Amino acid sequence: MGIGSGRAHRLYHDLALVAVGIFVATPLLVTFLGGFKDQGELRANPFGLPSTLNLSNFAQILSQPDIWVYVGNSLVVAGMTVALTLIIGAMAAFAFAQIRFFGSRMLLNYVLLGMMFPFATAILPLFVRLRDFGLLNSYAGLVLPQVAFGLGFSILLMRSFFKQLPSELWEAAQIDGCSYAGFFWKVTLPLSTPILATVGVFVLVQSWNNFLLPLVVLNDESLYTWPIGIMQFQGEYNTEWSLILAFVTLTLIPAVIFFAFAQKYIVEGLTGGAVKG
Amino acid sequence: MTMLEASRSGRAPTRRPGLRARLMKSDRFVTAVVFLVPALTLFTLFVMMPIGEAAWYSLFRWNGFGAPTNHVGLKNFQMLMQMDAFHTALKNTGLIIFFSLIVQLPLGLYLALILSQKFRGVVLWRSLFFLPYILAEVATGLIWKFVYDGRHGLAAGITDALGVDPVYVLADQELAVYAVIVVLVWKFFGFHMMLYIAGLQNIPRDVVESAQIDGASWWQIARRIKIPMIAPVIKLSVFFSILGGLQVFDLVWSLTRGGPVNSSHTVVSFLYDFGIMRMRIGFGSAVGVVLFVVCVGFAFSYRRIFMKED
Amino acid sequence: MYKTVSMASLLAGLFAGPGLAETEVRWLHLEGDGPVVEFMEELEAGFEAKNPGVDVKMQFLGPEAFKARLTTMLQSDDRPHLFYTWAGGVMRAQADAGFLKDITADVEGAWKDSFSPGALSAYEYNGAYYGVPQEINQVGFWYNRRLFDEAGVDPESIKTWDDLLAAVARFKEAGITPIATGGADKWPLHFYWTHLAGRIGGKEAFDAALAGEGDGFAAAPFVAAGERFVELVTLEPFQDGFLAAGHSDAAGVFGDGQAAMQLQGSWNRFSQVSNSANGKGLPEDELAWMPFPMVEGGAGNATDTLGGINGWLVGAGAPQEAVDFLRFITSPENQREAAARGLHVPPMKGMSDVIEDPFSKQFAEKLAASTYHQIFWDQDLGPSVGRVVNDVSTELAAGSTTPEQAAQTIQDAWSFENM
């Protein structure tokens, strides 16, 4: 066993980790620290710790109601998107996984088509359609298309999970005279919380970060989600970087906290569903 | 809710096997319909029909007001193909995919090989590298806009400290797209790394251990055993990264708005700038159709060639 | 069963729009400059005090976001009731689409008589009024007297384009950035090309191009405009990184005293303050303004002006209160106040006595003497072609197109839109 070469590798690995770590962390650190500095200090000392713990940027932002409105809207939209995607997606995935019917394969492929193209290809007709439905400037105008575009991915993950559930369960349930819907509700769903959590997390992140759709759909500032809000803020404060960085930091904090909690599901989702999909 | 009621009536116990089989059959049919209709309706209304409509609108010169009446045939496509800005957008999209394949994925793979081992702090490293992926692209764009800003930003601080002339990366027609690519690598390599880690952890321990006993080096084990064993994951990550590369928008829009002088447009930012901002629904739809054809063509041929097993 | 209930309430929540007060007036603006916004807030409060039950809601979008999003906003039923405009072809396209409210009946009479007829006529289309102007402004070179002194350039000596080129060369020799501009926003650069075209070809050339006579926008005066602009560009007059700078960045550079000139409209007086590092901008005695230079042998008159007749349009479906509020905004008393504060030059009769601010005086005189006031081309040519003008001006400034190609590109876009 080449112990020597192992040590050399260890050194290379450590160097690589540190180098990439610096590459990844620097912009984040500079952003975080920048929020505490004023314009002059930001320029003179971009890397270092702020000379004083200046909280006025944060105070100024948090004292405006805007940021709370933006985050609140994002929460509502993301929450509704997750709930609807899980309900509708799980039902469809169950039908595809458990029920044999004519055209099942074809319909599945039809829905999976949705994974292959971006929002943007259809954004203009989507806009026209939402306008004709009177859904512009409403939560529904964001939620329904987000759910529709997320269905392909969600159904793919959930279907492969449902298929892995032991088939004896269904055979036993059938003998008890259990219907498909009853089985779905009482057996499949309770056993599927891990995959529901994983799909939920991915859909949540997608919705939380969505930019193009709300950009086109929302007019009313009281409905802005935070990615639109942050662009609005930047438009208003242009080059006042310390203020903008403070705003960015504030919007990143919930994402980081959420990530700490949801990490398990993200990793499980990648290990389980996606990889086998 | 109908589905619950349907399930209750369907559960009515009976001793006559014929009837029971018939009930099962009708339950199967009813459930399939009830369970599929919401998903299929939403999907058809908000995904498939808009894409079909894009194909229709692309034949018109139409500003979106009223109904499309000015039929121009393939003129939108003709104009599109003649536009330098569109050629640049195609080229940039190609560059983004190219660099994600030769930089982002190998970097992710290398780090995954290191971080799929167990050692102190491994979770911390993984989290750090994955963190950029969960940040919104708009926020990422602003962060890096500050990093690149030659007058007020980090770049200014660096050039000041070194006492050299300020550098304006985002104002350079040659460099702007590479500046965008750096940010894309920064943001997405962690996602692919996680995919690989997930795959690597599924490799049975004894396979690796027996190779170690045979005296194989770290690099040999990686190249001969680990990488071939996660080939399906790699195929999947290549698939994601190409499809993702075709769709890059938010980041470009918040960093450069496609500038300077349209030099950093991607296909989607081009669509937004020349279709939506100018309210040329017909022309923008033509861009959408081209993108659609590329995406679907790629996805089908890729699945056919590399992912046959599924 | 509770699942059913929660599902129903979820759906109900999903489709519930925002609640709207009956007499809300949505007022969409793009002002980011302190004194102007302050005045607008006073107008809002003043109107609300006089009209209990009316809630004026100011909505703000930065200029770039405003232009990008207005077209989609207008398509929604929640479109703004009053919104900012530069009139011109963009307004005409909005009217054609049915997004504007015909307020001719309200305008007729005393309200109409209070405006200068020329300015108000910019808001008339097919015999109807859809809004009214609030300010008239002009594009020219803002400059920094201190930097001119340092480089030994006499601003009075800049009468022609060649004089300007010579001045730029002097600034370069002195190590001073001659001109600040916001290339990322593109429109600041289109002032160069369009003003040159106006100086070279005059009103006749523009009218001929609009009428599709001869080579249209590919005709000689427009190519010449590109050529003269390229003469400037080759001197590298702009600040480093100007292609990535927006208008506010550029105004910051000028307001910080780091560039000698900036080609901008009247409003830049406030932009250079609000975007400067110290929040104060240039001292009043260093800030000055001069009109765009003449071009030797050009057909344009020295009294031709390029600028905006900016104002407010009324959105279709707006309540009568929105029209009343517009009447309030543009009432002679309120506009006299705006003029007295030097915020802008109202396009109205009988304002000259209250305008004391030297800059406003200068603009008022020039505009009163104007023989041909051309509205910004990027607005006048309509939403689609106007953007092409901005595009090619930026490409000229970046050296990535030729004057012939630039003119031809605009002509192609124009003929495609009007075929």
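**Exercise 1. Classify C:Lys57 and trace its salt-bridge partner.**

Solution.
Step 1. C:Lys57 has 25% relative accessibility, so C:Lys57 counts as partly exposed. The model is a predicted one.
Step 2. Find the partner. C:Lys57 forms a salt bridge with A:Asp220, and the closest N and O atoms are 3.7 Å apart.
Step 3. Place both residues. A:Asp220 sits in the loop between α11 (212-217) and α12 (226-237) of chain A, and C:Lys57 sits in strand β2 (residues 55-60) of chain C, so the pair joins two chains.
Step 4. Check the accessibility of A:Asp220. Its relative accessible area is 7%, so A:Asp220 is buried.
Step 5. Widen the view. A network of salt bridges links A:Asp220, C:Glu24, C:Arg26 and C:Lys57.

**Exercise 2. Describe two salt bridges within chain C.**

Solution.
Step 1. Take C:Glu286 and C:Arg146. They form a salt bridge, with the closest N and O atoms 3.4 Å apart.
Step 2. Locate them. C:Glu286 is in the loop between α13 (268-274) and β9 (287-291) of chain C, and C:Arg146 is in helix α8 (residues 145-151) of chain C, so the pair ties together parts 140 residues apart in sequence.
Step 3. Classify them. C:Glu286 is buried at a relative accessible area of 16%. C:Arg146 is partly exposed at 33%.
Step 4. Take C:Asp353 and C:Arg336. Their salt bridge has its closest N and O atoms 2.8 Å apart.
Step 5. Locate this pair. C:Asp353 is in the loop between α15 (332-340) and α16 (358-368) of chain C, and C:Arg336 is in helix α15 of chain C, so the pair ties together parts 17 residues apart in sequence.
Step 6. Classify this pair. C:Asp353 is exposed at 51% relative accessibility. C:Arg336 is partly exposed at 31%.
Step 7. Note the total. Over all chains, the structure holds 25 salt bridges.

**Exercise 3. Describe the interface of chain B and chain A.**

Solution.
Step 1. Count residues. 104 residues of chain B contact 101 residues of chain A.
Step 2. Give the area. The two chains bury about 9,300 Å² between them, with 79% of it on carbon and sulfur atoms.
Step 3. Name the top three. B:Phe35, B:Phe46 and B:Phe146 supply 8% of the area that chain B buries against chain A, more than any other three residues.
Step 4. Look for charge pairs. The count between these chains is one salt bridge. B:Glu53 pairs with A:Arg129, with the closest N and O atoms 2.6 Å apart.
Step 5. Find the main element. Helix α2 (residues 17-57) of chain B gives 25 residues, the largest share of the side of chain B that touches chain A.
Step 6. Sort that side by class. It has 75 nonpolar, 16 polar and 13 charged residues.

**Exercise 4. Do the same for chain C and chain B.**

Solution.
Step 1. Count residues. Chain C gives 33 residues to the contact and chain B gives 27.
Step 2. Give the area. About 2,600 Å² is buried, and carbon and sulfur atoms give 58% of it.
Step 3. Look for charge pairs. The interface has three salt bridges. In one salt bridge, C:Asp256 meets B:Arg151 at 2.9 Å, N to O.
Step 4. Count polar contacts. There are five residue pairs in polar contact, both residues at pLDDT 80 or more.
Step 5. Find the main element. On the side of chain C that touches chain B, α18(C) gives the largest share, eight residues.
Step 6. Sort that side by class. It has 14 nonpolar, 10 polar and nine charged residues.

How values were computed:
Residues numbered from 1 in each chain as written. Chains lettered and ligands numbered in written order. Predicted model: local features only at pLDDT ≥ 70, side-chain atom pairs only at ≥ 80, totals over all residues. Heavy atoms only, no water. Contact = heavy atoms within 4.5 Å. Buried area = accessible area lost by both parts, 1.4 Å probe. Salt bridge = Lys/Arg side-chain N within 4 Å of Asp/Glu carboxyl O. Helix = DSSP H or I, 4+ residues; strand = E, 2+ residues; numbered from the N terminus. Nonpolar A, V, L, I, M, F, W, Y, C, P; charged D, E, K, R; others polar. Polar contact = N/O pair within 3.5 Å; in protein donor to acceptor, adjacent residues only side chain to side chain. Buried < 20%, exposed > 50% of the residue type's maximum accessible area, 1.4 Å probe, protein only.
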